[in-house]
2 protein chains.
Amino acid sequence: MEGTNPPLEGAHVTATDDLIDRLPEPPEALAPATSQAERVADMLRVFVIDGALAPGTRLSEERLSRKYGVSRNTLREAFRLLSRERLLVHQMHRGVFVNRPTSEDVRDLFSARRTLEIPAVRGARDACDRAVAAVGSAVAEGQAARAQADWWAMGTANMHFHRALAGLAGSARINEFMSQVLAETRLVFHVMNAPEQFHAPYLDWNRRIHQRLTERDADTAAVELSRYLDTSEEQLVTAFTAMERRADGR
Amino acid sequence: MEGTNPPLEGAHVTATDDLIDRLPEPPEALAPATSQAERVADMLRVFVIDGALAPGTRLSEERLSRKYGVSRNTLREAFRLLSRERLLVHQMHRGVFVNRPTSEDVRDLFSARRTLEIPAVRGARDACDRAVAAVGSAVAEGQAARAQADWWAMGTANMHFHRALAGLAGSARINEFMSQVLAETRLVFHVMNAPEQFHAPYLDWNRRIHQRLTERDADTAAVELSRYLDTSEEQLVTAFTAMERRADGR
DNA sequence: ATTGTGGGATTGTTGAACAATACTTCAATC
DNA sequence: GATTGAAGTATTGTTCAACAATCCCACAAT
């Protein structure tokens with residue numbers, strides 16, 4: 001071995017603070033490391049939204065805690081999280097139940113959606129392209145689902161579409177709130193035992209709205225969306241009140 | 001005692017189901033009977049919003065549970081509730097802290113407020129009178145507070161004013177979300193150690209907006225509100241970033 | 001000044017215990 | 001026969017004590 005390894009020019013350079021500041025951010029504030037309660041909540045959330053746990057179902061603390069290998073206390077923490085999201089409702093000394101929305105809830109949900117979605121669409125002029133693109137991919141997702149006749153996926157795509165619309169507002173808090181509202185809306189379909197084809201006719205509507213958005217015709221898009229919400233709400237409320245009458249008139 | 005008490009004509013009539021249905025509803029679904037965790041959460045919420053617990057403060061499970069005579073588990077349930085409201089933030093294995101919003105949060109909060117408030121005002125034409133009246137009484141509340149030079153109450157009145165604006169949308173879910181957004185906004189003032197007179201100049205602005213509303217000139221009211229939000233946000237963000245620079249440039 | 005290396009403090013989670021409340025069952029009454 | 005009353009049972013509300021996992025801090029070593 002002739003000669004020595006040339007020492008690297010300027011080896012052992014400590015990174016300046018400047019450089020460090022320029023480093024990419026960690027994905028999520030450096031691995032938030034979810035707690036057990038949050039993991040259980042995540043799992044239950046999926047069950048509720050997908051309908052594995054039907055609205056009105058009571059969740060027994062003891063059985064669930066044994067089934068999923070967590071203590072009752074931990075499970076209760078999870079319940080609290082989901083209650084705040086309105087997916088579960090907590091009744092003192094009676095337990096927690098999967099939320100079963102009423103027709104009044106349906107009206108309120110649509111009222112909230114109007115407030116969130118329509119202004120977002122109307123102000124879409126200065127929304128970032130990334131947000132508009134999200135709307136487009138939700139449309140594509142819906143069409144793919146229809147091609148496969150996967151009705152549940154179509155419903156999911158529809159939710160994504162409307163979440164993307166609210167996303168045009170560009171506020172993280174609005175986004176999260178909208179997600180909750182849509183999750184609760186999904187419960188409505190479970191309560192009704194809605195035929196999953198329910199969403200089918202709305203796909204074209206979504207496509208048209210997105211079309212308007214790409215044409216930068218936000219106002220027309222907003223008008224179409226408004227009509228969409230009106231008819232969708234009416235259809236739901238009608239079906240819902242009929243079901244409610246059937247239920248308590250016996 | 002002469003004679004017998006005449007039996008009441010038709011005494012012991014059982015109420016028909018019809019009659020029972022017509023009975024007034026109980027105030028709140030028949031005494032929801034709050035749990036201990038909720039009571040603790042209510043208490044802590046007030047502390048946080050009023051600033052008795054400053055942003056960034058860490059809440060020790062052991063000390064708080066001993067101080068308020070509840071178990072750690074119960075206290076943790078309360079923490080979960082408040083974390084979902086973004087008043088506390090939970091860091092795994094580190095504990096819970098009073099949320100300390102950043103300038104980015106301020107921008108997001110105002111973005112959310114724009115989405116919630118402006119459309120509500122613009123659509124105020126078909127808002128119920130009761131909701132408009134709430135706006136008026138918030139204005140009055142602010143003027144009363146100014147008369148007494150009670151600056152903290154002025155801030156509260158300002159919050160009530162904007163909550164009332166969002167209330168014009170007429171959705172319970174929107175109302176609750178708005179309350180959360182405003183509570184978090186209040187934290188911003190605590191972070192800044194804002195002089196409480198901060199709110200003073202906005203009182204007249206509020207009065208003007210309300211004036212427009214009573215005149216049924218919703219569009220002008222919306223424009224004024226939009227300007228209000230712009231200037232308020234700018235003022236806050238400016239002060240905020242200055243403070244942040246001071247803090248981490250040291 | 002930076003990097004290991006403890007020890008101490010705090011949180012995460014569990015299991016068991018008990019009180020308080022709701023539900024169920026069945027007998028007694030009108 | 002339907003309603004009321006009074007058991008007993010099941011479930012939730014809450015506490016307590018324990019232990020593992022993790023973080024924080026001070027101090028020594030380089």
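## Two chains on two DNA strands

A base nitrogen of DNA strand D sits 2.6 Å from an N or O atom in the side chain of N73(B), a polar contact (a pair of N or O atoms within 3.5 Å; within protein, one must be able to donate a hydrogen and the other to accept it, and residues adjacent in sequence count only if both atoms are side-chain atoms). Bear in mind that this is a predicted model, in which local features need pLDDT of at least 70, side-chain atom pairs count only at pLDDT 80 or more, and totals for chains, interfaces and linings use all residues. As for bookkeeping, residues are numbered from 1 along each chain as its sequence is written, chains are lettered from A and ligands numbered from 1 in the order in which they are written, and side-chain values use heavy atoms, with hydrogens and water left out.

Let's stay with strand D. There are 22 residues around it, and R58(A), R76(A), N73(B), T74(B) and R94(B) come nearest; a residue counts as near a strand if one of its heavy atoms lies within 4 Å of it. Besides N73(B), look at T74(B), which has a polar side-chain atom 2.5 Å from a phosphate oxygen of the strand. From chain A, R58(A) places a polar side-chain atom 2.4 Å from a sugar or linking oxygen of strand D. Of the strand D atoms within 4 Å of the protein, 73% belong to sugar or phosphate, and bases make up the rest. β1 (58-59) and α4 of chain A, together with α4 of chain B, each supply at least two residues of this surface; helices (H or I, at least four residues) and strands (E, at least two) are DSSP runs, numbered from the N terminus. By class, the surface near strand D divides into three nonpolar, twelve polar and seven charged residues, where Ala, Val, Leu, Ile, Met, Phe, Trp, Tyr, Cys and Pro count as nonpolar, Asp, Glu, Lys and Arg as charged, and the others, Gly among them, as polar.

Now over to DNA strand C. Here 23 residues lie around the strand, with Q36(A), T74(A), R94(A), R58(B) and R76(B) coming nearest. Sugar and phosphate account for 74% of the strand C atoms that come within 4 Å of the protein. The side chain of H90(B) has an N or O atom 3.0 Å from a phosphate oxygen of strand C. Backbone atoms join in too: an N or O of G69(A) lies 3.3 Å from a phosphate oxygen, and H93(B) has a backbone N or O atom 3.3 Å from a phosphate oxygen of strand C. The elements giving two or more residues to this surface are α4 (72-84) of chain A, plus β1 (58-59), α3 (61-67) and α4 (72-84) of chain B. Its classes come to three nonpolar, twelve polar and eight charged residues.

Next, the chain A fold. Chain A has ten helices and three strands, running α-α-β-α-α-β-β-α-α-α-α-α-α from the N terminus on. Buried residues (under 20% relative accessible area, with a 1.4 Å probe and protein chains only) make up 43% of its 250 residues. One of its helices, α7 (residues 151-167), holds N158(A), which is buried at a relative accessible area of 6%. Leaving aside neighbours within four places in sequence, N158(A) is in contact (heavy atoms within 4.5 Å) with H199(A), N206(A) and Y228(A).

Finally, take helix α9 (residues 202-214) of chain B. Its 13 residues reach 19 Å from first C-alpha to last, close to the 18 Å expected at 1.5 Å a residue, that span being 1.5 Å times one less than the number of residues. Its buried residues are Y202(B), L203(B), W205(B), N206(B), I209(B), H210(B) and L213(B). Seen down the axis of α9(B), they fall within an arc of 160°, so they line one face of the helix; the arc is that of the directions from the helix axis to the C-beta atoms. After α9(B) comes R216(B), with a positive phi near 65°.

Terms used:
Buried means under 20% relative accessible area, exposed over 50%, partly exposed in between (1.4 Å probe, protein chains only).
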